[in-house]
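Me: I have a structure open and would like to understand the labels attached to it. Could you walk me through the reasoning behind them?

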Amino acid sequence: MATSSLEFCKALLQEAKITHPFLHHPLYQRIYQGNASKIELREIIKQQGCFYLDTLRHAAWKIISVGGYTPTLEDLERQRALIPLVVSEGGEDTMGGKTTAHAFLFMRLAESLGVSKEELFSTAYLPTTVIEKDELFLLQRSSILEALCGGNIATESIHSDHCQRMAVAMEKHYGIPQRNLEFYYVHVEVETDHEDRAVQLLEKLAVSDEEQSRGLLALRRAITARRIFADGACQAFIGETVPRMPM
Ligand SMILES: [Fe+2]
């Protein structure tokens with residue numbers, strides 16, 4: 001029998017905390033501890049651009065996945081609840097706010113590591129990087145349930161913790177000044193709001209056994225995709241295969 005939807009959401013959030021590679025994978029541990037070389041770091045950041053330069057479309061897909069040809073009133077309400085996520089990715093400065101697009105903040109971060117815009121946009125992506133992005137976008141396109149569990153719950157719930165660690169490491173170990181770390185600090189702030197919105201929506205969407213098993217699978221697919229990225233970057237730039245992580 002299905003558990004209550006609130007309990008279900010809590011279990012997903014807990015699983016993300018325990019298994020997400022952003023918090024546990026040797027690739028990120030290496031960066032947090034200052035053990036990655038600048039060359040390695042540049043290559044990893046360039047690969048991350050594949051996803052981070054495209055988060056506006058990623059967020060927009062989530063809205064497109066709500067409702068169909070003839071949306072219900074509930075669909076319209078759900079679509080509206082997701083608008084702030086799109087605005088924050090695309091830049092609050094488009095709506096009179098201050099923060100610009102997260103992709104632009106990522107470009108600034110890359111430039112401060114010595115990666116020019118030209119180099120960033122012409123990066124040749126590893127197959128594992130492409131597989132990660134394809135899977136994450138597919139989850140957004142599948143349905144609002146997969147989109148929330150594979151996006152907000154799987155990653156945004158732990159993203160502020162990851163970004164806090166990355167910001168500290170970038171400043172302390174790699175000499176990047178705080179003004180160029182806004183990409184991380186902005187995520188430290190916004191992700192709690194994104195997670196709360198996702199939980200509120202999911203409480204109404206993940207009620208049956210079938211919905212809950214689809215949601216759990218979406219979470220695990222997203223986390224696995226992130227792990228595939230990290231494994232690929234480790235092998236390509238650090239020359240290490242990685243021990244198996246808990247599933
Ligand atoms: Fe973002």
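Here is a short conversation about helix packing, the nonpolar core and exposure in this predicted model.

Me: Happy to start with the helices. Why are α10 and α12 called oblique to each other?

Reply: Helix α10 (residues 144-174) and helix α12 (residues 209-238) pack at an angle of about 50°, and their axes are 8 Å apart. Angles under 35 degrees count as roughly parallel and 65 to 115 as roughly perpendicular. An angle of about 50° fits neither range, so the pair is oblique. The crossing of α10 and α12 is also right-handed.

Me: Which residues make that contact between α10 and α12?

Reply: On the α10 side they include Leu145, Cys149, Gly150, Ile153 and Ala154. On the α12 side, Arg214, Ala218, Leu219 and Ala222 are among them. The residues of this contact divide into eight nonpolar, four polar and five charged.

Me: What does leucine 219 touch, leaving aside its neighbours within four places in sequence?

Reply: Its contacts are Leu12, Glu15, Ala16, Cys149, Gly150, Ile153 and Ala154. Leu219 also belongs to the largest nonpolar core, which has 56 residues. There, Leu148, Cys149, Ile153, Leu202, Leu219 and Ala222 touch the most other members. Helix α10 supplies the largest share of this core, 13 residues.

Me: What about α10 and α9, and where do they meet?

Reply: The axes of helix α9 (residues 127-142) and α10 come within 6 Å and cross at roughly 145°. Leu136, Leu139, Gln140 and Ser142 in α9 meet Glu146, Ala147, Gly150 and Gly151 in α10. That contact comprises three nonpolar, four polar and one charged residue.

Me: Now exposure. Why is isoleucine 228 called partly exposed?

Reply: Isoleucine 228, in helix α12, has 19 other C-beta atoms within 10 Å. A buried residue needs 20 or more, and an exposed one has 12 or fewer. A count of 19 falls in between, so isoleucine 228 is partly exposed.

Me: Which residues does isoleucine 228 touch, not counting those up to four places away in sequence?

Reply: Those are Thr128, Ile131 and Glu132. Isoleucine 228 and valine 130 are 98 residues apart in sequence, yet their C-alpha atoms are 9.9 Å apart in space.

Me: And what makes glutamine 235 partly exposed?

Reply: Glutamine 235 is in helix α12 too, and it has 15 C-beta neighbours inside 10 Å. Since 12 or fewer would mean exposed and 20 or more buried, a count of 15 makes glutamine 235 partly exposed. Its C-alpha atom is separated by 33 Å from that of serine 88, 147 residues apart along the chain.

How values were computed:
Residues are numbered from 1 along each chain as its sequence is written. This is a predicted model: local features need pLDDT of at least 70, side-chain atom pairs count only at pLDDT 80 or more; totals for chains, interfaces and linings use all residues. Axes are lines fitted to C-alpha atoms, for helices over the stretch in contact, and angles run from 0 to 180 degrees between N-to-C directions. Helices (H or I, at least four residues) and strands (E, at least two) are DSSP runs, numbered from the N terminus. Angles under 35 degrees count as roughly parallel, over 145 as roughly antiparallel, 65 to 115 as roughly perpendicular and the rest as oblique. A crossing is left-handed if the near helix is turned anticlockwise from the far one by less than a right angle, and right-handed if clockwise. Two residues are in contact if their C-beta atoms, placed from the backbone, lie within 7 Å. Ala, Val, Leu, Ile, Met, Phe, Trp, Tyr, Cys and Pro count as nonpolar, Asp, Glu, Lys and Arg as charged, and the others, Gly among them, as polar. A nonpolar core is a set of buried Ala, Val, Leu, Ile, Met, Phe, Trp, Tyr and Cys residues joined through C-beta atoms within 7 Å.
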